[in-house]
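Here is a short briefing to read with the model open beside you. Please take a moment to turn the structure around first.

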Amino acid sequence: MDKVVCDGYTLCYADQGEGEAVVLLHGFCGSSAYWEPLVPLLSGSLRCIVPDLRGHGSSDAPLGAYSIEQMADDVLKLLDELNVEKATMLGHSMGGYVTLSFAQRYASRLNGFGLIHSTGYADDEAGKEKRLKAVSTIQTEGMTAFIDGLIPGLFAPGTAKSRPELIQKAKEIGYLTPPQGAAGAALAMRERPDRRDVISASALPVLLVAGEHDGIAPPEKVFSSDRPNITKATIKGAGHMSMMETPEELAGIVRSFLKES
Ligand code: MLT
């Protein structure tokens with residue numbers, strides 16, 4: 001992987017293909033590896049820039065709470081370093097929160113943006129409490145136990161039986177998350193504001209993708225705006241992880257969004 005220094009910390013990224021730039025941002029306790037099944041389906045005609053967000057994968061994981069804004073600023077620095085003036089940004093779940101922060105402040109750097117199994121809603125009180133529980137589990141039980149508890153629920157029901165290798169792969173990616181990175185990112189998600197207005201007020205083309213069986217970001221939370229110029233798609237059979245569960249369907253949706261926008 002290539003590297004840039006952002007805010008004093010190393011950010012690792014993959015840069016594959018040529019053409020219009022598409023930035024793919026992974027979710028919590030994921031990494032650029034989440035997108036591996038999708039990138040070959042896009043990189044024939046697109047430049048896929050795929051970072052490990054701060055605290056994840058091979059990137060540095062500073063101690064302490066992060067913010068979603070910091071993570072978006074890391075991505076801005078990456079685009080600056082790569083001399084990419086404009087890109088389409090697609091964020092999976094936590095990566096979607098980062099995408100919304102980026103779109104709110106740096107819209108002139110985007111051709112469009114999309115949320116893949118993500119939402120503009122902030123955490124409610126129960127959600128905020130769960131973040132603190134997550135940090136405590138990470139600290140007291142360690143990453144392996146935390147990831148083993150987290151990952152199966154990201155996939156559509158029945159995946160453990162029908163395609164256990166997908167769950168195993170996502171766990172292996174998750175185990176590589178440094179504990180301070182996971183804790184820092186959980187606290188960042190806890191503090192993020194409601195950004196539904198970024199979706200409803202943006203003049204940019206927006207893509208919203210939901211998974212039929214997503215228990216984390218169900219379709220009604222993904223599709224928070226009715227404004228025109230939003231492309232909405234629900235992937236049948238997918239849970240929260242369509243880039244691994246149904247990469248062909250997701251690639252088709254992304255390609256037609258880019259063609260139309
Ligand atoms: C993710 O996959 O990034 C998480 O499910 C997001 C969240 O917990 O809000």
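The notes below go through the sheet, the helices that lie across it, the ligand site and the salt bridges.

Please keep in mind that this is a predicted model. Its sheet is open and built from eight strands, a ligand is surrounded by residues that include Ser 93 and Tyr 97, and the structure has 14 salt bridges.

**The sheet**
- Following the sheet across, you meet the strands in the order β1-β2-β4-β3-β5-β6-β7-β8, with mixed pairing.
- The edges belong to β1 (2-6) and β8 (230-235); each has a single partner strand, so one side of each is left without a neighbour in the sheet.
- From one strand to the next, the twist averages 20°.
- Strands β3 (residues 20-25) and β5 (residues 87-92) run parallel and are joined by four bridges.
- If you want a landmark on β3, try Val 22, which stands opposite Thr 88 in β5.

**Helices across the sheet**
- Helix α2 (residues 68-81) lies across five strands, namely β1, β2 (9-16), β3, β4 (46-51) and β5. Its direction is at about 120° to β1.
- Helix α3 (residues 94-105) lies across β3, β5 and β6 (110-116), and runs at about 145° to β5.

**The ligand site**
- Around the ligand you will find Gly 27, Phe 28, Ser 93, Met 94, Tyr 97, Arg 131, Met 189, Ile 216 and His 240.
- Two side chains bring a polar atom towards ligand oxygen: the distance is 3.1 Å for Ser 93 and 2.5 Å for Tyr 97.
- Met 94 takes part through its backbone, with a polar atom 2.9 Å from an oxygen atom of the ligand.
- On its own the ligand has 270 Å² of accessible area, and the protein covers 90% of that.

**Salt bridges**
- Among the 14 salt bridges in the structure is one between the side chains of Arg 195 and Glu 69, at 2.5 Å from N to O.
- This pair links distant parts of the chain, 126 residues apart. Arg 195 sits in the loop between α8 (179-191) and α9 (196-201), while Glu 69 belongs to helix α2.

How values were computed
Residues are numbered from 1 along each chain as its sequence is written. This is a predicted model: local features need pLDDT of at least 70, side-chain atom pairs count only at pLDDT 80 or more; totals for chains, interfaces and linings use all residues. Side-chain values use heavy atoms; hydrogens and water are left out. Two strands pair if DSSP finds at least two bridges between them. Helices (H or I, at least four residues) and strands (E, at least two) are DSSP runs, numbered from the N terminus. Axes are lines fitted to C-alpha atoms, for helices over the stretch in contact, and angles run from 0 to 180 degrees between N-to-C directions. Contact means heavy atoms within 4.5 Å. A residue is near a molecule or strand if one of its heavy atoms lies within 4 Å of it. A polar contact is a pair of N or O atoms within 3.5 Å; within protein, one must be able to donate a hydrogen and the other to accept it, and residues adjacent in sequence count only if both atoms are side-chain atoms. Accessible areas come from the Shrake-Rupley method with a 1.4 Å probe; for residues, only the protein chains shown count as cover. A salt bridge is a side-chain nitrogen of Lys or Arg within 4 Å of a carboxyl oxygen of Asp or Glu.
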